[in-house]
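Ready to learn your way around a new protein by working through some exercises? Keep the model open beside you and try each task before reading its solution.

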Amino acid sequence: MGIRQHRCGKWLLCWTFRWQLLVFVSLLSPINGQIRYSIPEEMKKGSLIGNVAQDLGLDLKRLRSGRARIVTGESNQYTELKTDKGILVVNERIDREELCGDVTPCSFSFEIILENPIEMHRVIVEILDVNDHAPTFKNDLITLEISESATVGSHFDLESAYDPDAGIHGLQNYVLSPNDNFVLKQQSNADGIKFAVMILQKPLDREDNPHLSLKLLAVDGGTPPRSGTVNIEISVLDVNDNPPVFNQSLYTATVTENAPLGTYIATVNASDADSGSNGLVTYTFSNVKGKSSEKFQIDSLSGKITVADNIDFEKDKKYEIRVIAKDQGGLSDATKVVIEVADINDNAPVINIMSFSSLISEDVPPGTTIAVFNVKDADSERNGKITCSIDSNLPFKIQSSLTNYYNLLSDAPFDRETKLEYNITITATDSGSPPLSTKTTLHLRITDVNDNAPLFTKPNYSAYIIENNVPGVSIFSVSAKDSDWNQNARISYFLEDTHVGGSPVSSYVSINSETGVVQAVRSFDYEQIKQLLFVVKAQDGGSPPLSSNVTVKVLIQDQNDNPPQVLYPVQTGGSLVDEMVPRSADVGYLVTKVVAVDVDSGQNAWLSYKVQKATDRALFEVGSQNGEIRTIRQVTDKDAVRQRLTVIVEDNGQPSRSATVIVNVAVADSFPEVLSEFTDFTHDKEYNDNLTFYLVLALAVVSFLFITCVVVIISVKIYRWRQSRILYHSNLPVIPYYPPRYSDTLGTGTLQHVYNYEVCRTTDSRKSDCKFGRAGSQNVLIMEPSSTGTMQRIQSEKSILDEPDSPLEILL
């Protein structure tokens, strides 16, 4: 025994040096890293695990300034962080079998958290097994009763040994003490558990040897190996030649965790062809793995398996039990029962706050880390799947970082003036049925900064001002508010540097920086500019100052300061006839349309038309809205050829302004008829009486020439000479007249100041075609701004009759 202890101590010393060669480091990221160490179990307290600072690439000052610490959800603190050296050491003894049981590989993890800024790294420590356990048997003695009639090759299942070590250090081999009747055969289950079967190689003879004593040795694979022994006492019985046989080689069952004691699991059944006591079968558990034998019990006669102790899924998820069926003759058979444990949602999530900043400035950007917390649930699968949430109306969100670790982040900008503080309730809920949840509340306060710009009371402003206003008049005022305090809430108003019609807006309006009153700088003309669009800026007194803009629209309202202007008919004075109406025209015949415009707008530009004067008011009418001149009745032969209408166009302003237009209409079926009628047309007797007389006399002379020949011609010349001399020396007054296309607009109309007229005369009768002669005289209309009359201008000092090339002389 002393030699064994010495070897074990030497073996442990070797492992102390070997574990350092097994350390490897895997850095996942420069911020949130992960490192992994492998160490053997049973290391002394204070033993070095690894240099964390070096492996994570951290400076020792960073470890101290960040208050680096280990965070683990386990009850035992197996490791300790030496921040002054940056190393990780063993804090207490680690027993792999106690920590992980049969689970391989065995490891535990924890997190190293640093603050200012928050930084988190995961450390995984794998525990390597050492051969610190020898295989053991549940009982010190195995008793077998074997009939002497047992045939060669019969097998007898032996109790299995149990070694809690893992891998090569676990149970590896069975050895049976030398004997003549039995050999040992080693078998393994699908899960790797080894068990021994004793096979009869030579028939037993009760008369020669009624009792056999053997030893079974279980050996593990350690260096040096450990072993355990059990004594086998075999009693040779009389003939029992049929062993029990299970009807299934494998039984499976499912049980929920926390099932009540006595809960039914399964029933195994083995049959024996023998009769009497040799056919009576009893059931027992073989040595089971771990503490499985304590969790279940079996009825030795019925084979019914029930729950004997509390079952926890979080500790054991599956049980494998070997059941032995043995008859009274000692023959036996074995089967395996696999019991799956179903998880129920019996563990609520646990929330651990790792780091939390209770004060935060309102100008921090979205995504700022508020807190870091860890959530764990001992359940598995859906029951252990955790969802973290907060109230949906809070400007925060939860973001997963490492496994089971979450960051509480800001999700929107803060406004201290709106919300001073927040109570953040974090709820961790698993996915079980029914779900279990845990809540924790964090109290966060917001510190103030100057983050509120002035806000205008309206999204935009509109105002009206009548044109021709007085410069300096107040138009309206803008107003803005600032929810900050003191200097940060003191508002000044400014005009943005924009241009209107190529001129700076400041040449049109100004604003009072204190009151926000907008004033007109100039007098506005609606016909030149109809609206002003500019931007007003409100700026607070913060540092740096904040400002906001608003769009202002000033609409110029029209005044009726422009009269209508007639576009058609054009009043040039060069035409005696504007339109013709056939005598066959029916009622409603469209003669012409008076077209007029007004540069004003709105009702000031609404035009109406009406007849002011007409030759025959019963024949024509004008549309009051569209200016269309139509016949009122059927045109007859009695209607005069010459028709003259004076149409007045008025706007709808207050007071209204107007313009007049004269329309000459000829009622005839052909142009010659019109021309013959208008040959002696005196423009309503406003033509000069002398010219009319000359025209009539000229026609008479032409007719008389065909009758009286040369004598009459000489007489006419003498007569004309005498008449012209008389008229030239006469003192008749000059009567002013208005041409037919003249419209008096009080000196404000659009007519020209000078008008030219040509005389059209015929060579034959009234219905002959017309010929145009060279102008012998020119009528000039002179318009003075102070009067509306006209006068005839004499071109020269001589009379028109004295000119040698007068039209009549040339004609003669």
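**Exercise 1.** Find the aromatic cluster that involves Tyr78, and list its members.

*Solution.* Start at Tyr78 and look for its ring partners: Tyr78, Phe108 and Phe110 form one aromatic cluster. Bear in mind that this is a predicted model. Next, place the two phenylalanines in the chain: strand E6 covers residues 106-114, and the cluster members Phe108 and Phe110 fall in that range.

**Exercise 2.** Look at the start of strand E6 and work out what links Cys100 and Cys106.

*Solution.* First, check the sulfur atoms: they sit 1.8 Å apart. The cut-off for a disulfide is 2.5 Å, so Cys100 and Cys106 form one. A disulfide is a covalent bond between the sulfur atoms of two cysteines. Second, get the handedness: the angle about the S-S bond is 65°, and the link is right-handed. Third, check the surroundings: both Cys100 and Cys106 are buried. Finally, count: the structure holds one disulfide.

**Exercise 3.** Decide whether the peptide bond between Thr104 and Pro105 is cis or trans.

*Solution.* Read off omega, which is about -10°, and you have a cis bond. Now locate Pro105: it is in the loop between helix H4 (96-100) and strand E6. Then hop to Tyr568 and Pro569, where the bond is also cis, with omega near 0°. Pro569 sits in a loop as well, between strands E45 (565-568) and E46 (579-581). For context, most peptide bonds are trans.

**Exercise 4.** Work out the strand order of the open four-stranded sheet and say which strands stand at its edges.

*Solution.* Going across, the order is E26-E28-E31-E30, with antiparallel pairing. Strands E26 (350-356) and E30 (396-400) each have a single partner strand, so they stand at the edges and one side of each has no neighbour in the sheet. From one strand to the next, the twist averages 25°. Now zoom in on one pairing: five bridges join E30 to E31 (residues 405-410). Ser400 stands opposite Tyr406 in E31. The loop between E30 and E31 holds Asn404. Asn404 has a phi near 70°, positive even though the residue is not a glycine. With a relative accessible area of 31%, Asn404 is partly exposed.

**Exercise 5.** Classify the aromatic pair of Phe246 and Tyr283, then do the same for Phe373 and Tyr406.

*Solution.* Begin with the count, which is twelve aromatic pairs. For Phe246 and Tyr283, the centres are 6.2 Å apart and the planes meet at 50°, which makes the pair tilted. Phe246 belongs to strand E17 and Tyr283 to strand E21, so this pair ties together parts that are 37 residues apart in sequence. Phe246 is buried at 8% relative accessible area, and Tyr283 is buried at 4%. For Phe373 and Tyr406, the centres are 5.6 Å apart and the planes are at 20°, so the pair is stacked. Phe373 lies in E28 and Tyr406 in E31, so the pair connects parts 33 residues apart in sequence. Phe373 is buried at 0% relative accessibility, and Tyr406 is buried at 13%.

**Exercise 6.** Which rings have the charged end of Lys317 or Arg522 over them?

*Solution.* Take Lys317 first: its charged end sits over the ring of Phe313, 5.1 Å from the centre. Then take Arg522, which lies over the face of Tyr508 at 4.3 Å from the ring centre.

Methods. Residues are numbered from 1 along each chain as its sequence is written. This is a predicted model: local features need pLDDT of at least 70, side-chain atom pairs count only at pLDDT 80 or more; totals for chains, interfaces and linings use all residues. Side-chain values use heavy atoms; hydrogens and water are left out. Buried means under 20% relative accessible area, exposed over 50%, partly exposed in between (1.4 Å probe, protein chains only). Two strands pair if DSSP finds at least two bridges between them. Axes are lines fitted to C-alpha atoms, for helices over the stretch in contact, and angles run from 0 to 180 degrees between N-to-C directions. Rings of Phe, Tyr and Trp (its six-membered ring) pair if their centres lie within 6.5 Å; planes under 30 degrees apart count as stacked, over 60 as edge-to-face and the rest as tilted. A charge sits over a ring if NZ of Lys or CZ of Arg is within 6 Å of the ring centre and within 35 degrees of the ring normal.
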